[in-house]
Amino acid sequence: MKAHMTNGTLDFLLKLEEKHPNISFHFMTSNSGALAYYENSDKKVFSAGRTYEIVIQSGNFIKKAYIVMNTITVNEEDQIVFEDRIKNKLVNKIDDCHAYRFLKPVKGNKFVILTVWKSVESYNNWKKSQRYQDAQKILHAETPAYPSDLPFTTSYILYEKEGAN
């Protein structure tokens with residue numbers, strides 16, 4: 001299974017639904033713009049976007065959600081060890097999370113851990129836990145050589161169309 005995402009203005013991204021009515025897009029917004037995300041076996045509809053292999057998939061997106069994406073740069077020679085560490089140690093450490101995706105880039109070296117939360121508060125409660133501290137140690141076991149490779153977190157609110165059920 002693959003995950004696809006791209007950034008743009010919300011107005012532009014919403015037009016994707018008209019062009020591709022058979023795809024279940026998840027539109028997300030933040031202070032810095034919008035993101036369109038969808039999952040399927042192979043069909044890529046973005047001309048400029050990112051494609052990932054879904055290594056681990058748990059749970060489902062919920063209607064009103066707070067999305068957090070942790071992006072971690074991993075050197076090619078370290079990717080197998082990193083994947084193994086995430087698969088074996090991290091997946092069971094996320095309390096109150098509705099959905100979880102561990103995404104491996106098809107091209108490049110930026111892995112993404114996407115989590116879906118009921119609210120900002122539920123995510124902030126998770127961040128106060130010891131399990132969160134343990135997860136951070138797993139995620140950031142090595143210090144990157146270059147500042148541009150530092151891990152970063154982006155957060156979004158799942159966009160709901162007016163009148164949507």
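Here are some short exercises on the structure above, each with a worked solution.

This is a predicted model, in which local features need pLDDT of at least 70 and side-chain atom pairs count only at pLDDT 80 or more, while totals for chains, interfaces and linings use all residues. Residues are numbered from 1 along each chain as its sequence is written, and side-chain values use heavy atoms, with hydrogens and water left out.

**Exercise 1. Find the residues that touch the most other members of the largest nonpolar core, and the elements that supply this core.**

Solution. Start with the terms. A nonpolar core is a set of buried Ala, Val, Leu, Ile, Met, Phe, Trp, Tyr and Cys residues joined through side-chain atoms within 4.5 Å. Buried means under 20% relative accessible area, exposed over 50%, and partly exposed in between (1.4 Å probe, protein chains only). Helices (H or I, at least four residues) and strands (E, at least two) are DSSP runs, numbered from the N terminus.

Step 1: the largest core has 18 residues, and Met28, Tyr37, Phe61, Ile67, Met69, Leu103 and Leu114 touch the most other members.

Step 2: two or more residues come from each of β1 (2-8), β3 (33-40), β4 (50-59), β5 (66-73), β6 (99-105), β7 (110-117) and β8 (152-158). The largest share, three residues, belongs to β7.

Step 3: pick Met69 and list its contacts (heavy atoms within 4.5 Å). Leaving aside neighbours within four places in sequence, Met69 is in contact with Met5, Met28, Leu35, Val112, Ile113, Leu114, Phe152, Thr153, Thr154 and Tyr156.

Step 4: look for a second core. A separate one of eleven residues includes Leu14, Ile23, Ala36 and Phe46.

**Exercise 2. Decide how far β5 is covered, and identify the strands it pairs with.**

Solution. Step 1: eight of the eight residues of β5 are buried, so the strand is largely enclosed by the rest of the structure.

Step 2: recall that in a regular strand the side chains alternate between the two faces of the sheet. In β5, Tyr66, Val68, Asn70 and Ile72 lie on one side and Ile67, Met69, Thr71 and Thr73 on the other, and both faces are covered.

Step 3: find the partners; two strands pair if DSSP finds at least two bridges between them. β5 and β7 run antiparallel and are joined by eight bridges, with Ile67 opposite Val116 in β7. β5 also pairs with β8 in the antiparallel sense, over six bridges, and Asn70 has Thr153 in β8 as its bridge partner.

Step 4: check Thr71, which counts as buried at 9% relative accessibility. Not counting residues up to four places away in sequence, Thr71 touches Lys110, Phe111, Val112, Pro151 and Phe152.

**Exercise 3. Place β3 among its partner strands.**

Solution. Step 1: six of the eight residues of β3 are buried, so the strand is mostly covered. 

Step 2: β1 and β3 pair in the antiparallel sense over seven bridges, and Asn7 has Leu35 in β3 as its bridge partner.

Step 3: strand β2 (residues 26-30) pairs with β3 in the antiparallel sense over five bridges. Phe27 stands opposite Ala36 in β3, and a hairpin of two residues joins β2 to β3.

**Exercise 4. Classify the ring pairs Tyr38 with Phe46 and Trp126 with Tyr132.**

Solution. Step 1: set the rule. Rings of Phe, Tyr and Trp (its six-membered ring) pair if their centres lie within 6.5 Å; planes under 30 degrees apart count as stacked, over 60 as edge-to-face and the rest as tilted. The structure holds twelve aromatic pairs.

Step 2: the rings of Tyr38 and Phe46 have centres 5.3 Å apart and planes at 75 degrees, so this pair is edge-to-face. Tyr38 is buried at 0% relative accessible area, and Phe46 is buried at 6%.

Step 3: the rings of Trp126 and Tyr132 have centres 5.8 Å apart and planes at 90 degrees, so this pair is edge-to-face. Both Trp126 and Tyr132 are buried.

Step 4: see where the second pair belongs. Tyr66, Trp117, Tyr123, Trp126 and Tyr132 form one aromatic cluster.

**Exercise 5. Compare the surroundings of Ala65 and His98.**

Solution. Step 1: Ala65 lies in the loop between β4 and β5 and is buried, with a relative accessible area of 6%. His98 is found in the loop between α2 (79-90) and β6 and is partly exposed, at 36%.

Step 2: Ala65 and Ser119 are 54 residues apart in sequence and 6.0 Å apart in space, C-alpha to C-alpha. For His98 and Val116, 18 residues apart along the chain, the C-alpha separation is 5.4 Å.

Step 3: leaving aside neighbours within four places in sequence, Ala65 is in contact with Val116, Trp117, Lys118, Tyr156, Ile157 and Leu158. On the same terms, the residues that His98 touches include Ser58, Gly59, Val116 and Trp117.
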